[in-house]
Amino acid sequence: MSVKPKVEPTKSAKKLRTLETLRGFRDILPDEQAAWDKIDDVARKLTQAYGFGRIRLPALEATSVFERSIGKDTDIVEKEMFTFVDQGGVKMTLRPEGTASVARAYIEHGMLNQPQPVKLWYLEPFFRHERPQAGRYRQFWQLGLEAMGSDDSVLDAQIILMAYNFCKDLGVETIVQINSLGTAAIRKSYTSDLAKYFKGHAKKLNETDLKRLQRNPLRLLDSKEAGMEELKAGAPQLIEYLDDETKQHFMKVLEYLDEAEVPYTLNPFLVRGLDYYTKTVFELVSTNPIGENGSQLALGGGGRYDGLIPLLGGREATGAVGAALGIERILLAMKTANAMPDSRRVADVFFCQLGEAARRKGLKIFEKLRQSDLNVAEAFAKGNLKAQLEIADKMQASIAIILGQKEVLDGTIIIRDMEAGAQEIVDVEKVVGIVAKRLQDNKKKQKE
Ligand code: AMP
C-alpha cells in the first residue's frame, strides 16, 4: 500500500485562518453592478454591430490545450496555471486565457465549414496564479474578440479598432502600441540572432534575464530590469527581418488604423509573452496611468495567431487574429477618468403599504405591476409610510401607489403624484392601466 506524502501548508495557506476569499479572488458587490452592466451593454452592442457571435467557454480544459498553444517556456504555463488531476486521473487546468479554448472550439465544431472568417466573442473570468497587486488578480475577467479563418490585414485593424472603441465607449482613452513579429520562420531566425547578441552581453544580465536568455530569448525584449534599456537599444530589431509579404501586411494594418483614426505608436520591443503570435501584436495602454506608483498597466492586448489552429490539429493556413481586454483594469481606468456610471437605483413607480392587510394584498398587486413591465420598486420590510415615501423620493419615482387598511376593504388604491403631492383614489383593478398612462403623460410633458 502506498503512503500518501504529508503535504505541508504553504505560507499563504497558513495565513487564511478565517473563512474569507482566497488571495487574488474577490466578490463583486451590488454597488459595483452598474459599471459591470455597462461593460455588458457596450460589449453586446459593439460585437453585434461587427457580426461577432457569443461563445461561452468551459472553465476547465485539458491542460494540453494550453501547454501546446501558449508554449511551455512562458510565464503562464511555467508558473501561473491552476492545474490539478481529477478523481478520474485526468490532468486539467482552469483556463488562464480564452484564445486557446476558442481555437479548440473552432476545430472541434468544424467551424471551418462555415463562411469565413468566423467571428466570436466572450466575456468571462480567467485564472492565473500571479502575485496579486493593483490591477492584478488570480481571477479576472476578459472581453475576448477572435476572428478566425482569414489572414486579411483588415481584420487585424478591425479587432484593434473594436478594442480601442470598447474602452472609448466606456469613457477610457487609450493609445495602441503595435509591432509585427513576422512569420514563425522569421521569428525563429531573429530569436537566434537575438540570443547570440545577448550571450555576448551575458555578464550584464541578472538571474531572471539569464533564465529568459536560456528558455525564451524574445522575452528579454519585455525585460524592465536595470540597464536593459541600453542593451535592448543595441539589439537587432525584428522589423529588419520581416519579409516583403509580412511588411506589406503590417503596413496595411497601419494604413487602416490611420484611416480609422486610431492613435498608435510603434513599439519594436513589444513581443507579448505567448508562443502562438505571428505578424501583428498590440497592446492598449490607458492615457492615465492606473498601476501601482503610477506605472502603466496594459488594459488589453492581442495579435495574429496564424499558426495556432494548425498546431491544434486544424486545417493548415488558417489565419486568425484576436484581442483580450482586462475588465478589472478597464474599471480602474474608468474610476481614474471619473467615468463610472451612477449606481443609484431609480424607479418610475414606488409601491407603499400600510398595515398587515395591505402588506398581504400588496404582494400580489406589486407582482401585477412588475409583470406589466413598469419600472417599480418597493420596501415591504418597512411599515412606516413616511420612510417609504422617502425611499420613493430617493429613487426619483414620479408616482407612488399607496395601499392602506381602508383601501383594502374598499377595493381601491391611492395614486400619488410625487412632485405635486396630489393624491387620487382609483379602483384597484384598474391601477396598472392608469399608472402606465400617467407615466406616458409625464414623459410627454417633460419632452415639451
Ligand atoms: P494578456 O493576454 O495576458 O496580455 O491579458 C490581456 C489583458 O487581460 C491584460 O492587458 C490585462 O488587462 C488583463 N489581465 C491579464 N492578467 C490579469 C490579471 N492577473 N489580473 C487582472 N487583469 C489581467
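# Backbone exceptions and the packing of helix α2

Ala 317 is exposed, with 74% relative accessible area, in what is a predicted model. This residue sits in the loop that runs between α11 (308-311) and β11 (320-326). Its phi is positive, about 55°, although Ala 317 is not a glycine.

Another non-glycine residue with a positive phi is Asp 373, where the angle is about 75°. The loop that holds Asp 373 connects α13 (356-371) with β13 (376-378). Is Asp 373 buried or exposed? Its relative accessibility is 72%, and because the cut-off for exposed is over 50%, Asp 373 counts as exposed.

A further backbone feature is found at Pro 117, in the loop between α5 (99-108) and β5 (118-127). The peptide bond that joins Gln 116 to Pro 117 is cis, with omega about -5°.

The rest of this account concerns helix α2. This helix has 17 residues, and the distance from its first C-alpha to its last is 24 Å, close to the 24 Å expected at 1.5 Å a residue. Which residues of α2 are buried? They are Ala 35, Trp 36, Ile 39, Val 42, Ala 43, Leu 46 and Thr 47. These residues lie on the same side of α2, because the arc they cover around the axis is only 125°. Lys 45, Gln 48 and Ala 49, on the other side of α2, are exposed. After the helix comes Gly 51, with a positive phi near 70°.

What covers the buried residues of α2? Among the covering elements are two strands, β5 and β6 (139-148), and two helices, α6 and α12 (327-336). The strand β5 is also the one that follows the loop containing Pro 117.

The packing of α2 against α6 can be described in further detail. Two packed helices are described by the angle between their axes and by the distance between those axes. For α2 (residues 33-49) and α6 (residues 153-169), the axes come within 10 Å and cross at roughly 145°. The crossing of α2 and α6 is right-handed. On the α2 side, the contact is made by Lys 38, Ile 39, Val 42, Ala 43, Leu 46 and Thr 47. The residues they meet in α6 are Met 162, Asn 165, Phe 166 and Asp 169. By class, this contact of α2 with α6 comprises six nonpolar, two polar and two charged residues. Ile 39, Val 42, Ala 43, Leu 46 and Thr 47 take part in the contact and are among the buried residues of α2.

Technical notes:
Residues numbered from 1 in each chain as written. Predicted model: local features only at pLDDT ≥ 70, side-chain atom pairs only at ≥ 80, totals over all residues. Heavy atoms only, no water. Helix = DSSP H or I, 4+ residues; strand = E, 2+ residues; numbered from the N terminus. Buried < 20%, exposed > 50% of the residue type's maximum accessible area, 1.4 Å probe, protein only. Axes fitted to C-alpha atoms, helices over the stretch in contact; angles between N-to-C directions. Left-handed = near helix turned anticlockwise from the far one by under 90°. Contact = heavy atoms within 4.5 Å. Nonpolar A, V, L, I, M, F, W, Y, C, P; charged D, E, K, R; others polar. Expected span 1.5 Å × (residues − 1). Arc of directions from axis to C-beta.
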